[in-house]
Amino acid sequence: MSLEKTGIDETHADDTDTDEVIAADRHGSRRLSRLLIAASLATVAAVVAVVVALMWPTSSTTDAAPARGSADAGFARDMAIHHQQAVELSFIVRDRIGDEDVRRLAYDVINTQANQRGMLLGWLDAWNLPKSSQQPPMSWMNHATGSMAGMEGMDYKPHDGSLMPGMATNTQMDQLRTADGKQAEILYLRLLTAHHKGGIAMSQAAAEMAKTEQVRRLAQGMVEGQEAEMKLMADMLKQRGATP
């Protein structure tokens with residue numbers, strides 16, 4: 001009896017150890033995933049930034065360079081942060097679902113917005129301007145006039161990791177990390193739709209306010225590209241019996 005009892009106890013101990021190992025593995029995998037996403041973002045941004053800085057006209061780094069507090073510089077800083085989260089959202093869902101349509105959308109967002117982020121950071125390098133600011137996000141939009149005056153979101157209050165309009169909160173990011181299948185698809189499409197809506201508002205302001213032609217052109221391209229993706233996502237949500 002004592003031998004049998006000992007065997008049972010050891011079996012239970014083995015099960016407990018196994019559960020602890022599995023939990024540790026899951027934690028380690030999640031941490032590794034975040035590190036890989038950060039490394040991928042940093043690599044793409046660095047490569048594109050170097051190319052942009054080398055290609056920017058010499059005159060743009062001297063008298064023609066935008067000022068630190070300009071709409072051009074503010075948009076570049078803020079949209080780089082905004083894009084970084086869209087790329088992270090897309091990396092998360094790409095690795096958690098099998099639906100090819102949503103995976104293809106996520107892949108497109110990763111490529112497009114990572115490259116655009118690299119351009120934005122490259123411009124800041126070419127202008128010899130810092131990539132961060134002590135001013136609150138979107139403060140460059142406070143001087144908006146005309147169609148941008150009073151734009152929704154200009155008085156946005158950061159909360160739970162959401163620094164600008166459309167950005168997901170930390171809670172929503174955690175929900176996406178634990179979602180699977182159709183649930184993950186719908187949550188991603190909803191979060192990215194809101195993200196695009198906020199990004200479009202900022203890009204519209206930059207397209208109107210920026211003094212640099214390259215910035216205005218990129219901002220307008222973002223508006224058009226993300227509006228098209230929002231229409232696509234509305235159809236994809238409808239196919240899944242959901243709304244934005």
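Leaving aside its neighbours within four places in sequence, which residues is Ser 162 in contact with? The legends below take up this question first and then visit other parts of the model, which is a predicted one.

**Figure 1. A close-up of Ser 162 in the loop between helix 3 and helix 4 (170-178).** With neighbours within four places in sequence set aside, the residues in contact with Ser 162 are Tyr 156, Met 167, Ala 168 and Thr 169. Two of these partners come with polar distances to look for. The side chains of Ser 162 and Tyr 156 are joined by a polar contact of 2.6 Å. On the Met 167 side, a polar atom of the Ser 162 side chain lies 2.7 Å from the backbone oxygen of Met 167. Ser 162 counts as buried because its relative accessibility is 1%, and the cut-off for buried is under 20%.

**Figure 2. Met 138 and Asp 160, each with a positive phi.** For orientation, most residues other than glycine have a negative phi. Met 138 has a phi near 70°, a positive value, and Asp 160 has a positive phi near 50°. Met 138 lies in the loop between helix 3 and helix 4, and Asp 160 also lies in the loop between helix 3 and helix 4. Are these residues buried or exposed, or something in between? Met 138 has a relative accessibility of 3%, so it counts as buried. Asp 160 has a relative accessible area of 35%, so it is partly exposed.

**Figure 3. The largest nonpolar core, with 27 residues.** If you would like a place to start, pick out Phe 75, Leu 120, Leu 124, Trp 127 and Trp 140, which touch the most other members of this core. Helix 2 (71-94), helix 3 (100-126), helix 5 (181-209) and helix 6 (213-239) are the elements that give two or more residues to the core. The most come from helix 2, which gives 6 residues. Another core, of 24 residues, lies apart from this one; its members include Ile 97, Ala 168, Ala 184 and Leu 192. Ala 168 may be familiar from Figure 1, where it is in contact with Ser 162.

**Figure 4. The largest pocket, with a volume of about 340 Å³.** The pocket is lined by 19 residues, and the closest to its centre are Arg 77, Ser 133, Gln 134, Gln 135 and Pro 136. How many residues of each class does the lining have? There are 7 nonpolar, 8 polar and 4 charged residues in the lining of this pocket.

Terms used. Residues are numbered from 1 along each chain as its sequence is written. This is a predicted model: local features need pLDDT of at least 70, side-chain atom pairs count only at pLDDT 80 or more; totals for chains, interfaces and linings use all residues. Side-chain values use heavy atoms; hydrogens and water are left out. A nonpolar core is a set of buried Ala, Val, Leu, Ile, Met, Phe, Trp, Tyr and Cys residues joined through side-chain atoms within 4.5 Å. Buried means under 20% relative accessible area, exposed over 50%, partly exposed in between (1.4 Å probe, protein chains only). Helices (H or I, at least four residues) and strands (E, at least two) are DSSP runs, numbered from the N terminus. On a 1 Å grid over the protein atoms alone, a cavity is a set of points where a 1.4 Å probe fits but cannot get out, and a pocket is an open set with protein on both sides within 12 Å along at least five of seven lines; lining residues have an atom within 4 Å of a point. Grid points are joined across faces, edges and corners, and a volume is the space filled by probe spheres set on the points. Ala, Val, Leu, Ile, Met, Phe, Trp, Tyr, Cys and Pro count as nonpolar, Asp, Glu, Lys and Arg as charged, and the others, Gly among them, as polar. A polar contact is a pair of N or O atoms within 3.5 Å; within protein, one must be able to donate a hydrogen and the other to accept it, and residues adjacent in sequence count only if both atoms are side-chain atoms. Contact means heavy atoms within 4.5 Å.
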